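Good morning, and thank you for the time on today's agenda. I would like to take the group through one structure, element by element.

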Amino acid sequence: MKIIDFVRLILKHLLLLLLVPVVLASMVIFLTKNPTFEYSSQTILYTGIATGSSIEMDKTFNYQASNAAFDNLINIINSRETQEEVAIRLLAQHLMLPKANPRYISKTFYDQLKNKVPVDLYKYVVKENKKGTSIVGTNDDDKALFPPEINRSDYEKTVKNLMALMKSSNNNFVYELLNYEDEHYSLKAISKITAIRISSSDLIKLSYTVNDPGICQQTLAIYNRVCISNYKYIKENRSDAVVKYFEAQLENARQKLTAAEDILLEFNKASNIINYYEQSKAVAVVKEDMDVDYNKKLADLAGIEASTVRLEEKLKIQEVIQQKTANILEKKKQIGDINFKIALTKAKFESSNSEEDLAKIADLNQQSEALTNDIKRNVDELYSYQNSIDGLPLTKILPEWMNNVVEAENIKAKIKVINGQNKQFQEKYANYAPAGATIKRIEREISVSEQGYLEILHGLNLAKLKLQDNELTSNLKAIDPPFYPLSPNPTKRSILIIAAAFLGVLFTMGIIFIMEYFDDTLKNSKRASKKLGMNSLGMMPKLILNPGSINLPYIQKRLIEIITQNVLQYFGTHGSEKKTKTIVVFSTQKMEGKTVLAGNIAKTLKQEGKKIVLLTYDGTKKTVKKQKKFSVLNKILGYTDPRIDYDNPFLADLSSYLDPSEYYPYTMDSRFYNAQNFSDILDQNNITLNFTPDFVIIELPALIDYIYPIELLNKADLDILVCRSNRVWSDADQSAMKNILAASESKINFIINGVTINEIESVLGELPKKRSLLRRKIKAMFKFQFFSKNQI
């Protein structure tokens, strides 16, 4: 989408974009006209966990331990048990108050509590002692925050009674109050208290927000007291029995370790072992070296023996050499005889030139060549017999054979000595093997005992460190008691109003863009050409009643001239020998504007000096109902008046601009459906023309609703399909056009009727309209045409 199109789309729905955010913001203002004020308070607890004694001794371990301790403490703070006790203590405090006290509960919520609490619940409230009488163990913080009208002993008894009542069943008032919706006493309300560790310090901050300042402060004060009490109980519940247990187990482990070490000492003495691993390692190294030497000598002996056998085989071929030598001498003698015969035969041939002598010479040459090849082969064999594979003469092989025999005997003697040493090492291995297994078993027992001893010792140290930590960290302290909030938290009303307005803009723009994106109508020539797969002759705007400052008559006149020009250009490029050109105007559905467009095309052709005849069907045409008034909602939202100007000259009757001899109605009967050209229609309706027209324009009814003469469409010179821009090209339309497209697709063009005024810019450029200088500059800016008016 171009920027100018985007701006037009926004301007088109501008008032809607402004109205929806205003409505949403007004709704937020109405809903929050009596906002609920909330009060926040906080308190800080000192834990002493991160500075315990164990941290100083083992930083790595205790860093993890301190984190775990903080996690445990926060889990205790957030536990259901803690929340239940806090809720019941808060309820008991308010039930025991004789009247509303803003420091503890406002009159509004006090009266609400009195109204919803059943009368029989007050029998669990204890009031035996005088007011203000404290109990033993009450600290100064409790005295400062606790109501002076309530006796602390009675208060503790009341809490105990209410706790027992809550646990007795799941249908009593206290249980329902804690587990169902209640803004002060339910577990859901109490769970809003947040507990977080401040960075990596020893401090934990508790925060709470509620709609009553007194309840906010008292809830946190009670929460502090309950958390300190529960944590102290858990930490101090341990005793030094754990330390005594580890000490007893440590003594048993020490005795087991000493007994195992004594067994190893006695075994080493009995086996004369100083260091088993070093001794066995030395024996293994010597044995390994000896095995390597032994295997090397065996390999050398095998190699020498193989070489000796090979030399002996070479020495056995002397007799074969003598036979080969005699054979060579014999064949040399035969070659001499053959050469003598060849010389005699050649001398004879020179005198006689006999063919027989020539054949004999060739035969003797073949025998001589065969003997020569045999001698060459025997010589090669004789050389191989007289030399080794490496090319050494046999005379040099005999000394080598003698050396191999002597060396083999030498190696055999050394191997015999090594075999004797192997027997001695086998005896040593026989002693070391069981000793190694026994030592391994004894050392394993020592290792197990030692590991157990060390683990118990480690556990004892941890137990002692834990006791020390408990003494340092078991007492939580509120270093910053909860304060009484004097002013409520600022409301989020303004943020909600801005958010509602912003979301309204986004929502409306989203709806507009979605509607634009999913708009599947033909809309304009470019989009229709893609959907229809045809060429466009042009488009006509919707004839709205109030076009504003736009010169609509000029636009209509210019567009129909362009359409007519395109029709003439079509006939110029698609030459036809017919003097009279037939133009068929049709549509797939009713009320597409065929009659108006056909009449105005005929009018324009007539103005250009063409002789025309317009044939329209004589049937019941649906009349358009005039829209009485413009919708008030559309007027409020700033949309243009969509009503049609029925008095527009473009919609004038045919008789106002065509002579009676230039337009005729025809009857749709059985003969019409067999018509093949305009002459058939004229004959069927007894119409006689007194001139030869240049163009005959035939209007057909809607293809979906009527049977049409297919031959008339096929034989026409130009078929014009008229479509409304505000409708979707459906499967029914495509099905109706299927046969026509198959027969005469190249002759079918379309005109889009009733497009919006803005779409006309793609044909005429900037529309003729009175614009202020500022508006022209803004439009040029959005179209990035800053210098388009500069003269060349």
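I shall begin with the chain as a whole, then turn to a sheet, a pair of helices, some aromatic pairs and a single serine.

Please keep in mind throughout that this is a predicted model. The chain has 792 residues, and 38% of them are buried. Its secondary structure comprises 26 helices and 11 strands. Taking the contacts between residues at least 6 apart in sequence, 80% join residues at least 24 apart.

Let me turn to the sheet. In what order do the four strands of the open sheet lie? The order is 2-3-1-4, and the pairing is antiparallel. Strand 2, residues 194-197, and strand 4, residues 477-480, are the edge strands, each of them pairing on one side only. From one strand to the next, the twist averages 30°.

We can now walk across this sheet in that order. Strand 2 pairs with strand 3, residues 203-210, in the antiparallel sense over four bridges. Within that pairing, A195 has L206 in strand 3 as its bridge partner. Strand 3 also pairs with strand 1, residues 39-46, in the antiparallel sense, here over eight bridges. There, S40 stands opposite T209 of strand 3. Finally, strand 1 and strand 4 are joined in the antiparallel sense by three bridges, and Y46 stands opposite K477 in strand 4. As a general reminder for anyone inspecting the strands on screen, side chains in a regular strand alternate between the two faces of the sheet.

Next, the helix pair. I have chosen helix 19, residues 552-573, and helix 20, residues 594-607, whose axes come within 9 Å and cross at roughly 75°. With that crossing angle, helix 19 is roughly perpendicular to helix 20. Which residues meet at this crossing? Helix 19 contributes I560, E561, I563, T564 and L568, and these meet L597, N600, I601, T604 and L605 of helix 20. Sorted by class, the contact consists of six nonpolar, three polar and one charged residues.

I now come to the aromatic residues. The structure holds four aromatic pairs, and I shall describe two. In the first that I have chosen, the ring centres of Y570 and F571 are 5.7 Å apart and the planes stand at 75°; the pair is therefore edge-to-face, since planes over 60 degrees apart count as such. Y570 and F571 are both buried. The second is F672 with Y673: the centres lie 5.5 Å apart and the planes are at 65°, so this pair is edge-to-face.

Are F672 and Y673 buried, or partly exposed? F672 has a relative accessibility of 1% and so counts as buried. Y673, by contrast, has 27% and so counts as partly exposed. To return to Y570 and F571, these two residues form one aromatic cluster together with F695.

My last item is a serine. S449 lies in helix 16, which spans residues 397-473. Why does S449 count as buried? Its relative accessibility is 15%, and the threshold for burial is under 20%, so S449 falls in the buried class. Setting aside neighbours within four places in sequence, S449 is in contact with K256 and L257.

That concludes the presentation, and I would welcome discussion.

Definitions and conventions:
Residues are numbered from 1 along each chain as its sequence is written. This is a predicted model: local features need pLDDT of at least 70, side-chain atom pairs count only at pLDDT 80 or more; totals for chains, interfaces and linings use all residues. Side-chain values use heavy atoms; hydrogens and water are left out. Axes are lines fitted to C-alpha atoms, for helices over the stretch in contact, and angles run from 0 to 180 degrees between N-to-C directions. Helices (H or I, at least four residues) and strands (E, at least two) are DSSP runs, numbered from the N terminus. Angles under 35 degrees count as roughly parallel, over 145 as roughly antiparallel, 65 to 115 as roughly perpendicular and the rest as oblique. Contact means heavy atoms within 4.5 Å. Ala, Val, Leu, Ile, Met, Phe, Trp, Tyr, Cys and Pro count as nonpolar, Asp, Glu, Lys and Arg as charged, and the others, Gly among them, as polar. Two strands pair if DSSP finds at least two bridges between them. Rings of Phe, Tyr and Trp (its six-membered ring) pair if their centres lie within 6.5 Å; planes under 30 degrees apart count as stacked, over 60 as edge-to-face and the rest as tilted. Buried means under 20% relative accessible area, exposed over 50%, partly exposed in between (1.4 Å probe, protein chains only).
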